[in-house]
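Q: Please go through the labels that can be put on this structure and say what each of them rests on.

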Amino acid sequence: MKNLKLPALTAALLLTTAFTVAQAQTGQQSLNANNDAATLYFLVDTGRAGAVDLFVDGQKVVAQALATDAATLLNLTPGSHNIMVKTAYDGLVVTQGSINLAANQSYALGFQNNDGATDYTLAFFSGNHSIQQLINGD
């Protein structure tokens, strides 16, 4: 009977660890946010394979994002932020820029490319209608 409890306990710990790691990579992230935080949705909209990492002011806030993932919700402090997208595989900088966020406002940041182009861009949107269009793929 003792031998059956140990594998069950080990399996339960592995599932708990896997769930905790999965939660940390998706969902809502925060970077120095306060009560006046700006909301930023980040979406990889390239249609290409390959994971990317999103950095805000030098800090990795989204890891291994794919084009098939849902948008990640970030709460950021108002003001100017430096944005950088790197390949998750080897850390090469793919694109970078800066955004300016106002308190209690919502924004969307799309990591995109043109169908025939090999370069990538950041598309920055504000306003609920524009954000919803980016997230829904309209």
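Q: What makes two rings an aromatic pair, and how many such pairs are there?
A: Rings of Phe, Tyr and Trp pair if their centres lie within 6.5 Å. By that rule, a search of the whole structure, which is a predicted model, finds two aromatic pairs.

Q: Why is the pair of Tyr107 and Phe124 called stacked?
A: The ring centres of Tyr107 and Phe124 are 5.3 Å apart and the planes make 10°. The limits are 6.5 Å for pairing and under 30 degrees for stacking, so Tyr107 and Phe124 count as a stacked pair.

Q: Which parts of the chain does the pair of Tyr107 and Phe124 link?
A: Tyr107 belongs to strand β8 (residues 106–113) and Phe124 to strand β9 (residues 120–126). The two residues are 17 apart, and the pair links distant parts of the chain.

Q: What makes Phe111 and Tyr120 a stacked pair?
A: Their ring centres are 5.0 Å apart, with the planes at 15°. The centres fall within 6.5 Å and the angle is under 30 degrees, so this pair is stacked.

Q: How do you know whether Tyr107 and Phe124 are buried, partly exposed or exposed?
A: Buried means under 20% relative accessible area, exposed means over 50%, and partly exposed lies in between. Tyr107 has 8%, so it counts as buried. Phe124 has 35% and therefore counts as partly exposed.

Q: Which labels do Phe111 and Tyr120 get on that scale?
A: Phe111, at 2% relative accessibility, is under the 20% limit and so is buried. Tyr120, at 23%, falls between the two limits and is therefore partly exposed.

Q: What makes β8 a mostly covered strand?
A: Six of the eight residues of β8 are buried. For the chain, buried residues make up 28% of the 138 residues.

Q: How do you know that β8 pairs with β2 and with β9?
A: Pairing needs at least two bridges between the strands. Strand β2 (residues 38–45) is joined to β8 by seven bridges and runs parallel to it. Seven bridges also connect β8 with β9, in the antiparallel sense. Both connections therefore meet the criterion.

Q: Which residues are the bridge partners of Phe111 in these pairings?
A: Val44 is matched with Phe111 in β8. Phe111 in turn has Leu122 as its bridge partner in β9.

Q: Why are β4 and β7 called edge strands?
A: Four strands form an open antiparallel sheet in the order β4-β3-β6-β7. β4 and β7 each have a single partner strand, so one side of each has no neighbour in the sheet. Neighbouring strands here are turned by 20° against each other on average, direction ignored.

Q: What makes β3 and β4 a pair?
A: Four bridges join these antiparallel strands, and the criterion is at least two, so they pair. Leu54 has Val62 in β4 as its bridge partner.

Q: How do you know that β6 and β7 pair, and what lies between them?
A: Strand β6 (residues 79–87) and β7 share eight bridges in the antiparallel sense; at least two are required, so they pair. Among the partners, Asn82 is matched with Ser98 in β7. The two strands form a hairpin with five residues between them, and Gly91 in the turn has a positive phi of about 75°.

Q: What makes the phi values of Asp57 and Asn104 worth listing?
A: Asp57 is not a glycine, yet its phi is positive, about 50°. Asn104, also a residue other than glycine, has a positive phi near 60°. Asp57 is in the loop between β3 (52–56) and β4 (59–65), and Asn104 in the loop between β7 (93–101) and β8.

Q: Why do Asp57 and Asn104 get their exposure labels?
A: Asp57 has 42% relative accessibility, between 20% and 50%, so it is partly exposed. Asn104 has 53%, which is over 50%, and is therefore exposed.

Q: How do you know that Lys86 lies over the face of Phe55?
A: Lys86 is at 4.7 Å from the ring centre of Phe55, and the distance limit is 6 Å.

Technical notes:
Residues numbered from 1 in each chain as written. Predicted model: local features only at pLDDT ≥ 70, side-chain atom pairs only at ≥ 80, totals over all residues. Heavy atoms only, no water. Buried < 20%, exposed > 50% of the residue type's maximum accessible area, 1.4 Å probe, protein only. Phe/Tyr/Trp six-rings, centres within 6.5 Å; stacked < 30°, edge-to-face > 60°. Lys NZ or Arg CZ within 6 Å of the ring centre and 35° of its normal. Axes fitted to C-alpha atoms, helices over the stretch in contact; angles between N-to-C directions.
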